[in-house]
Structure formats: structure tokens, C-alpha cells
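Subject: Structure handover and findings

Dear colleague,

Please find below the structure that I am handing over to you, together with its sequence. My findings come after it.

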Amino acid sequence: MDLYLDTADRAELEPLLATGLFRGVTTNPLILARSGVRLDEVPDLVAWLFVHGAGEVFVQTTTESADAIEAEGHRLRGLDPRVVVKVPATREGLTAVRRLSDAGVPTLVTAVHNPRQAILAASAGASWIAPYLGRVSEAGRDGLQAVAQMVRVLAGTSTRTLVASVRSAEDTVRLATDGAEAATLSGAVARELFVEPLTDAAVAQFSECLPSLGARVGG
Ligand code: G3P
């Protein structure tokens, strides 16, 4: 499973990107608002992200008609060849994604909440879909089951699943088990992946042995 970071907060992103374990960063208007980033600051954010280790940056369109989304998609792609254009799974958005795909622009269909939208995204030639796992579950549906069905629906297509709205490290494990190709995680969930008290205890034991082995302390 490839891991991405779902935040635009530079202070949160820098240490996590420095691990080299996260392939890129996903953004949308909500993520930007949560991090206090204005739309006219997105080009600087994108440049900063690539300098600090992001391999891909996903930037979302903000317009509503297919024509406007298509034009905005080309503009966003023009920021950097490593930018992937995110488009909400509306009828107009999917229409624009078909046009952008035909023009060779990589896209992600986002705010996906059911397998029907996954079928439509594949028909539009999207590179990715982003199911909102947490929100599907919080709406009273079986989110993990819905995402697993989306993965099955997309088998044999060129559209991959990058799960968003992920609430825990455990859900991340379950998504990987169910075949999702990627997940984008908040800083908190990303940091949760690293937590394991048993590993900490084992490392403490290793350190306690070192002096008896003649190792220099703090080496
Ligand atoms: O990228 C998805 C994110 O913006 C929505 O997730 O946590 O608000 O459900 P959340």
C-alpha cells in the first residue's frame, strides 16, 4: 500500500515527509482551510512540498461546470508535471475527468461514497478514486465493505483506489488487507502508524545490553 499525507500544514508535513515513507500529499479546499492556506498560496505550497520530499501532490478543482473544471484542471497540471488533479465525483466533474484523461492529465475522482461512483470514475479514465471511508461509516453504512467492493469493481481497470477520510491506523491495515492501493492519512493517523510499545521495550533492552558488550554509550 502506498501512503500519502492528507494535510497542508507545513509543520506537520516536514518531519513526516523527511521519513521518505510517504509518496506524496493530497489537498482539497477543506484541507487548505484547516491549514490556513489560501487558494492564491497553493502554487507556493506545491513548490514547497516538492522541495521537501513529496513525489506527487494532489490539488483539487474548485469550480462546478465541466468546462470550468476542465480549464482549471489544465491550469493546476501546469503548476508541475507531478501534480495530480482532484475532481469531486459529480456528473459535471466526471465529464471533465473524461476530457482531462483524454488530454493525458492524471486525475483523481474524490468524495467517492459508493461503488457506482467507482464504476463511473473508471469509465472517465481516472487514475485514482478517493473513497471517503470515515464519512461513509459515519453515515451508518459499512465503510470498509464499501471500499472493498470498490477495489473489486476496479480490478482490471487502470483506476486505483486511494482511500481518504481514514480514522485510524487499524483501518489503514484493514484497507491494505482488502487490496486498496493507497491511503492518504491525517498527520495524527500517520504518526499512529509508528506507535508500538513492544518495539520500544525491545529497543530499550538492546540499549541496556550495550555497555556489557563494550559499546560506547550513545554511539
Ligand atoms: O481528504 C479527505 C478529507 O478532506 C475529508 O476527510 O476527515 O473530513 O472526513 P474528513
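The notes below cover the chain as a whole, one helix, the two largest pockets and two single residues.

This is a predicted model, in which local features need pLDDT of at least 70 and side-chain atom pairs count only at pLDDT 80 or more, while totals for chains, interfaces and linings use all residues. Residues are numbered from 1 along each chain as its sequence is written, and side-chain values use heavy atoms, with hydrogens and water left out.

Overall chain

The protein chain has 11 helices and 8 strands; these are DSSP runs (helices H or I, at least four residues; strands E, at least two), numbered from the N terminus. Its C-alpha atoms fill a box of roughly 70 × 40 × 30 Å along the principal axes. Of its 219 residues, 45% count as buried (buried is under 20% relative accessible area, exposed over 50%, partly exposed in between, with a 1.4 Å probe and protein chains only). Among contacts (heavy atoms within 4.5 Å) between residues at least 6 apart in sequence, 58% join residues at least 24 apart.

Helix α1

Helix α1 spans residues 10-18, and L13, L16 and L17 are buried in it. Seen down the axis of α1, these buried residues fall within an arc of 100 degrees, so they line one face of the helix; the arc is that of the directions from the helix axis to the C-beta atoms. An α-helix has 3.6 residues a turn, so residues three or four places apart point the same way. On the other side of α1, A11 and A18 are exposed. The cover over the buried residues of α1 includes β1 (2-5), β2 (24-26), α3 (42-51) and α10 (187-192). At the start of α1, a side-chain oxygen of D9 comes to within 2.9 Å of the backbone nitrogen of A11. After α1 comes G20, with a positive phi near 75 degrees.

Pockets

Pockets were found on a 1 Å grid over the protein atoms alone, as open sets of points with protein on both sides within 12 Å along at least five of seven lines; lining residues have an atom within 4 Å of a point. Grid points are joined across faces, edges and corners, and a volume is the space filled by probe spheres set on the points.

The largest pocket has a volume of about 480 Å³. It is lined by 31 residues, of which D6, N28, L30, I31 and R34 are the closest to its centre. Helix α2 gives the most to this lining, with 4 residues. By class, the lining has 14 nonpolar, 10 polar and 7 charged residues (Ala, Val, Leu, Ile, Met, Phe, Trp, Tyr, Cys and Pro count as nonpolar, Asp, Glu, Lys and Arg as charged, the others, Gly among them, as polar).

The second largest pocket has a volume of about 160 Å³. Its lining has 14 residues, and L39, V42, V59, R75 and L76 lie nearest its centre. Helix α4 supplies the largest share of this lining, 3 residues. The lining divides into 8 nonpolar, 4 polar and 2 charged residues.

Single residues

P43 lies in helix α3 and is partly exposed, with a relative accessible area of 38%. S168, in the loop between β7 (160-163) and α9 (169-177), is buried at 18%. Leaving aside residues up to four places away in sequence, S168 touches V189 and E192.

With kind regards

Notes:
Polar contact = N/O pair within 3.5 Å; in protein donor to acceptor, adjacent residues only side chain to side chain. 1 Å grid on protein atoms, 1.4 Å probe; cavity = no way out; pocket = protein on both sides within 12 Å on 5 of 7 lines; lining within 4 Å.
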